[in-house]
Structure formats: structure tokens, C-alpha cells
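Visitor: I'd like to learn how to read a fold like this one, feature by feature. Could you walk me through it?

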Amino acid sequence: MATPIHPKTADQAPITQATQDSTAIIQVIERAALNPEVDIDKMERLLQMQERVLDRQALMAYSAAMAAMQTELPSIAERGQGNNGAYATLEDIVDTVRPIMQKHGFAVSFRIQTQERGIQVTGVLMHQDGHREETSMLLPADTSGSKNAVQAFGSSTSYGKRYVLCALLNITTRGQDDNGHAAAPVKLVTPFQSGQLRQLIAICPPATQEWFVGKYGEAERVPRSDFDKLRASLQKRAKPHRQRH
């Protein structure tokens, strides 16, 4: 009688087989390295092949760990208050995701660069097996509320970190008091509706684009219940911006 395969084992079978194949290739390369008859040019090509194999292994491990981690990442409560409404604070996001990231072998770091057009915040998501992904956001200094230069820099940096971390981990946020509806599935916009939103966002002012990214992340993640109101709001903001071009 055949031994039943656990679902998790079945899901991991293609990854395990690919890893075994990659290991076999590396072993062939290592044996060639010990052969004095292998010339330098051929050895360099073999080493390049080995590097590609190792990169592929790291990418596969990253993808598998990311898929597993996504099932555990919750939506983050929006407890911060700003000019554009409620938002999830950087502290709440980090406190929530850090133990889950560590469990799956991930860590995140940020690079902050001051440029002529503003502040560029880059987030780097690293996996323990070597692969990493990054995303960046260029922000103007946040001078709202009569902030001084240091406060403006800190505010923009914090916003940028929130954005890139949410983008890297595909994090969603929700209002604090939702009467228990957070667990219910939210119907998202259709592909046609998300295309309409992307076209409108592209001709909106940068401040509106930043607000949209901070609230929804991307057009595909907009709740269907928000579509009509959001489209009307974006159309109002897009019109004067179009006229200047």
C-alpha cells in the first residue's frame, strides 16, 4: 500500500528536487576544479555556472519562505492619525512583522539618501540563504504643520520606511474599530476597475499618488466598495494637473 503524502511535503517536492539537481551540478563543478587538466578559461566558466546555480537556489529558498510567511502576516491596525486620515505606524508594523520575519529567515534594512529632489528611502528584504529584494521611494521633505528641517526629514523618512516595508511584504492595513469585519473577505476591484484607477493616479499630483500608495499600496488592492468614491476623488485631483501639461 502506498504511503500517503502529506500536503506540505507534496508542495515542497518540486523545490526539493530542484535543490537536489542544483547540488549535483555543484558537485560536478567541484570535481572539475580538482582536475589539473581543466584549463583556466573552462574553470572560470564553471565557476560562473556555480554562481548562477547558487543564486537560483537562494531565489528558490527566498520564494518558498516568502510564500509561507505571507500566510501568517496579519493586516495592521491603523492607529496613527495624519492629514490624510488614519495610517498604520512604523512601530506597529515592525512590532507585528519582526517575529514572523525571523521565524522564516528574513530581515530588513533601510538606506536613506538625501537627493536634490528629496529623500530616497530604500528597503532591502534579505533572506538567510542569500537572496534579497529591494524597493525605493523618493519623497519630498514633509513640511506640513510648520515642521523644521530636522522634523521634515524624520517625517519623510518614517513615511518612506512604512511604504517600502509594506510594499516588500505586501502588508495590508485596516481601521482600528471595524466591528469584527476584518476577518471577513474583502471584495477587491475588478481588473478593469484597477486599470481605470491606475490611469487616473498617473495624472494626479505627486502628493495624491503618495497618499494612494500609503492607503492602498496598489490599484488591485482597492476594496470594491471604495471604487466609486475613490474614482470621483481622483478625477477631481487629476483635472488641474492635466491642464498644466
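**Reading the sheet, the helices and the rings**

Guide: Let's start with strand E5: 9 of its 10 residues are buried, so E5 is largely enclosed by the rest of the structure. Keep in mind that this is a predicted model.

Visitor: Before we zoom in, how many helices and strands does the protein chain have?

Guide: The count is 7 helices and 7 strands. Read from the N terminus, the order is α-α-β-β-β-α-β-β-β-α-β-α-α-α. Of the 245 residues in the protein chain, 32% count as buried.

Visitor: Back to E5, then. Which strands form the sheet, and in what order?

Guide: Three strands make an open sheet, ordered E4-E5-E6, with antiparallel pairing. E4 (106–115) and E6 (132–139) are the edge strands, each with a single partner, so one side of each has no neighbour in the sheet. On average, neighbouring strands here are turned by 15 degrees against each other, ignoring direction.

Visitor: How many bridges join the strands on either side of E5?

Guide: E4 and E5 (residues 118–127) pair antiparallel over 10 bridges, while 8 bridges join E5 to E6, again antiparallel. You can trace individual partners too. Arg111 stands opposite Thr122 in E5. Gln113 has Gln120 in E5 as its bridge partner, and Gln120 in turn has Leu138 in E6 as a bridge partner. Follow those two bridges and you've stepped across from E4 to E6.

Visitor: And the links between the strands?

Guide: Both are hairpins. E4 and E5 have 2 residues between them, whereas the hairpin of E5 and E6 has 4. In that E5–E6 hairpin, Gly130 takes a positive phi near 115 degrees.

Visitor: How should I think about side chains on a strand?

Guide: The general idea is that side chains in a regular strand alternate between the two faces of the sheet. For a case to look at here, take Gln113, which is found in strand E4.

Visitor: Is Gln113 buried, exposed or partly exposed?

Guide: Gln113 counts as partly exposed, because its relative accessibility is 38% and that class runs between the 20% and 50% cut-offs. Gln113 also shows how sequence distance and spatial distance are separate readings: Thr157 is 44 residues away in sequence, with 9.7 Å between the two C-alpha atoms.

Visitor: On to helices. What should I check first?

Guide: Try length, then bends, then burial. Helix H3 (residues 90–103) has 14 residues and spans 20 Å from first C-alpha to last, close to the 20 Å expected at 1.5 Å a residue.

Visitor: Where is H3 kinked?

Guide: At Val97, by about 35 degrees, shortly before the proline Pro99. Val97 is also among the buried residues of H3, along with Leu90, Asp92, Ile93, Ile100 and Met101. Past the helix comes Gly105, whose phi is positive, near 85 degrees.

Visitor: What does helix spacing tell me about which residues point together?

Guide: An α-helix has 3.6 residues a turn, so residues three or four places apart point the same way. Helix H6 (residues 206–216) gives you a case: Phe212 and Tyr216 both lie in it, 4 residues apart, about one turn of the helix. The buried residues in H6 are Thr208, Glu210, Phe212, Val213 and Tyr216. H6 is followed by Gly217, with a positive phi near 85 degrees.

Visitor: How many aromatic pairs are there?

Guide: The structure holds 3. One of them joins Trp211 and Tyr216: their ring centres are 6.2 Å apart and the planes meet at 90 degrees, so this pair is edge-to-face. Phe212 and Tyr216 make a tilted pair, at 5.2 Å centre to centre with 45 degrees between the planes. Ring pairs tie Trp211, Phe212 and Tyr216 into a cluster.

Visitor: Which residues of that cluster are buried, and which partly exposed?

Guide: Phe212 is buried, at 3% relative accessible area, and Tyr216 is buried at 12%. Trp211 is partly exposed at 23%, because the buried class ends under 20%.

Visitor: Which charged end sits over the ring of Tyr216?

Guide: That of Lys215, 5.5 Å from the ring centre. So when you look at Tyr216, check three partners: Trp211, Phe212 and Lys215.

Technical notes
Residues numbered from 1 in each chain as written. Predicted model: local features only at pLDDT ≥ 70, side-chain atom pairs only at ≥ 80, totals over all residues. Heavy atoms only, no water. Expected span 1.5 Å × (residues − 1). Bend = angle between axes of the 7 residues up to and from the residue. Buried < 20%, exposed > 50% of the residue type's maximum accessible area, 1.4 Å probe, protein only. Phe/Tyr/Trp six-rings, centres within 6.5 Å; stacked < 30°, edge-to-face > 60°. Lys NZ or Arg CZ within 6 Å of the ring centre and 35° of its normal. Pairing = 2+ DSSP bridges. Axes fitted to C-alpha atoms, helices over the stretch in contact; angles between N-to-C directions.
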